[in-house]
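Work through the exercises below with the sequence and the model at hand. Try each task before reading its solution.

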Amino acid sequence: MLPPEIDPDDDARRRAERAPPPREDGEEERPYGVEPDFVQEVVEHLRAGGADAVRIALDGLHAADVADLIEQIGPDEREALIEILRPGFDGEVLSYLNPDLRESVVERFEPKELAAAVAELDTDDAVDLIEDLDEETRQSILDNLPAADRALVQENLAYEEYTAGRLMQRALVAVPEFWTVGKTVAYLRAAADELPEDFYDIFVVDPLYRVVGAVPLSRLLRQHRSTRIDALATQDLHVIPATTDQEEVANLFRQYALVSAPVVNAGGRLIGVITVDDVVHIIDEEAEDDIRKLGGAGDTGVFSGIGAIARSRVGWLTVNLATAFVASGVISLFEGTIAQIVALAVLMPIVASMGGNAGTQTLTVVVRALATHELSSANAPRVVGKEALVGLINGLVFAVMVGLIAWFWYGPTIGLVIAGAMVINLVIAGLSGALIPLGLKALNVDPAVASAVFLTTVTDVIGFFAFLGLASAFLL
């Protein structure tokens, strides 16, 4: 319901004027980010030395879109763009930049310029930016920050990385439990310049500054001015110790659909708040980390240097090479069989490949379920049994398909042999894809790190052994 002083027709007209032009038929939809044509336009201005044209093009552009633009243009154009943006640079742009690229961008600024940009950020964003920099650059920025901002940032940096203490924002709204709604609203209006830019809950604290409840803004605005604030406070409060791992924080927000949550120190005193936008960043970061680990790609990304990427991948490739020799050792046990029946050499990669792919499917689901706490010791037996049954069903389906093809090529016996091996390997793949990450989790080893290489070894070894073993038994 609109207030009476707002004309709905006039409001609709203003919104229509601000709306982007309608998408033409066949045009690719891009709900966010910068358009490729816009990127090319900026690049052309940069190459032509049109600094004023670039400033006009970027005028009013969101900091996230400016960061997107910086990521999409080439190194030479990026350097020119940074020089144009340097006067009055918006520090929020740095917080949106990919961490792999951020350090090279930061190098273009003087410490005082960086400090001025960082001082405009919320504490959590400032810490996220500073913590990834080298020690010398970090200290230079801290030395140039105002004393109050420096103290808050250093307090956050004192907590271990990937904990709630590093993640929290220090600016929050807290009021005594004996205040009324009217007094609280008056305080919010009077302290408008000192309040966080965005906040969702007002925390109610006792004289020792311990959290005793929280009042959502939506609830506050619906109450009479004389209502005491403690009468509105929710008792179902999820207080987060500052030492809590950030992955546990994300799971807490996901489990209870939180928008914000208070952070307390070891003494239970309120020291910060974590909001949902921070948690979205954590979920994205944790998912990216799991995907990279599963693929053995290390901690490098598309903006990392060639040398760093190569170094991060060579380790797991070396491990995979070692496991490949294990599989080759199994094949060598059946050299005589392969020598007599050459068709086996043609068909045996099919069994191992199908097992590896089926196991990877199970592995991906199980590792993600472990990360989100959807899978635990309570339901693990049921999940393992389900994956084994899925492996059996898929094994039978592909056994028929591959068996008929092999039957047509090389005869009925080889068709039956590869069909049997297919069923065996896909059942083992389903079991291994579930049991390997569960076993590593029980040993306090990150399942995303080592599961893939173990799974590949198991499916290769079992696949070759089952196929060549059955061939030796029935074909010789």
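The protein chain exposes about 26,000 Å², and carbon and sulfur atoms supply 57% of that area. The model is predicted.

**Exercise 1. Overall form**

Task: Decide whether the protein chain is a compact globule or more spread out.

Solution:
- Start with the secondary structure: the protein chain has 22 helices and 6 strands.
- Next, compare radii. The radius of gyration is 30 Å, whereas the globule rule gives 23 Å for 476 residues. The value is well over the rule, so the protein chain is more spread out than a compact globule.
- Add the box: the C-alpha atoms fill roughly 90 × 60 × 55 Å along the principal axes.
- Then look inside. Buried residues make up 42% of the 476 residues.
- Finally, take the contacts with a separation of 6 or more: 66% of them join residues 24 or more positions apart.

**Exercise 2. Aromatic pairs**

Task: Classify the ring pair Phe89 and Phe109, then the pair Trp409 and Tyr410.

Solution:
- A pair of aromatic rings is described by the distance of the centres and the angle of the planes.
- The whole structure yields 4 aromatic pairs.
- For Phe89 and Phe109, the centres are 4.8 Å apart and the planes stand at 50 degrees, so the pair is tilted.
- Now place the two rings. Phe89 lies in the loop between helix H5 (75-85) and helix H6 (91-96). Phe109 lies in the loop between helix H7 (99-106) and helix H8 (111-119). The pair is 20 residues apart and links distant parts of the chain.
- Both Phe89 and Phe109 are buried.
- Trp409 and Tyr410 are edge-to-face, with 6.0 Å centre to centre and 80 degrees between the planes.
- Check their accessibility. Trp409 has a relative accessible area of 52%, so Trp409 is exposed. Tyr410 has 37%, so Tyr410 counts as partly exposed.

**Exercise 3. Salt bridges**

Task: Place the salt bridge of Glu135 and Arg138 and that of Glu155 and Arg170 in the chain, and state which network other bridges build.

Solution:
- Side chains of opposite charge can pair when their charged atoms come close.
- The structure holds 12 salt bridges.
- Glu135 and Arg138 meet at 3.8 Å, N to O. They sit 3 residues apart in helix H10 (residues 135-144), so about one helical turn separates them.
- Arg138 is buried, at a relative accessible area of 18%.
- Glu155 and Arg170 meet at 2.8 Å, N to O. Glu155 is in helix H11 (residues 147-157), and Arg170 is in the loop between helix H12 (164-167) and strand S1 (174-176). This pair is 15 residues apart and links distant parts of the chain.
- Glu155 is partly exposed at 37%, whereas Arg170 is buried at 16%.
- Through shared partners, salt bridges join Glu79, Glu83, Arg86, Arg108 and Glu113 into one network.
- One of the bridges is Arg86 with Glu83, whose closest N and O atoms are 3.4 Å apart. Glu83 is partly exposed, with a relative accessible area of 36%.

**Exercise 4. A surface patch**

Task: Which residues form a nonpolar patch on the surface with Ile393?

Solution:
- Locate Ile393 first: Ile393 is in helix H20 (residues 380-410).
- Check its exposure. At a relative accessible area of 47%, Ile393 is partly exposed.
- Collect the partners: Leu389, Leu392, Leu396, Val397 and Met401 form the patch with Ile393.
- Together, the patch residues have about 530 Å² of accessible area.

Conventions
Residues numbered from 1 in each chain as written. Predicted model: local features only at pLDDT ≥ 70, side-chain atom pairs only at ≥ 80, totals over all residues. Heavy atoms only, no water. Patch = residues over 30% accessible without salt bridge, like charges linked within 9 Å, V, L, I, M, F, W, Y side chains within 5 Å. Areas by Shrake-Rupley, 256 points an atom, 1.4 Å probe, with all protein chains shown as cover. Salt bridge = Lys/Arg side-chain N within 4 Å of Asp/Glu carboxyl O. Helix = DSSP H or I, 4+ residues; strand = E, 2+ residues; numbered from the N terminus. Buried < 20%, exposed > 50% of the residue type's maximum accessible area, 1.4 Å probe, protein only. Rg over C-alpha atoms; globule rule 2.2 N^0.38 Å. Contact = heavy atoms within 4.5 Å. Phe/Tyr/Trp six-rings, centres within 6.5 Å; stacked < 30°, edge-to-face > 60°.
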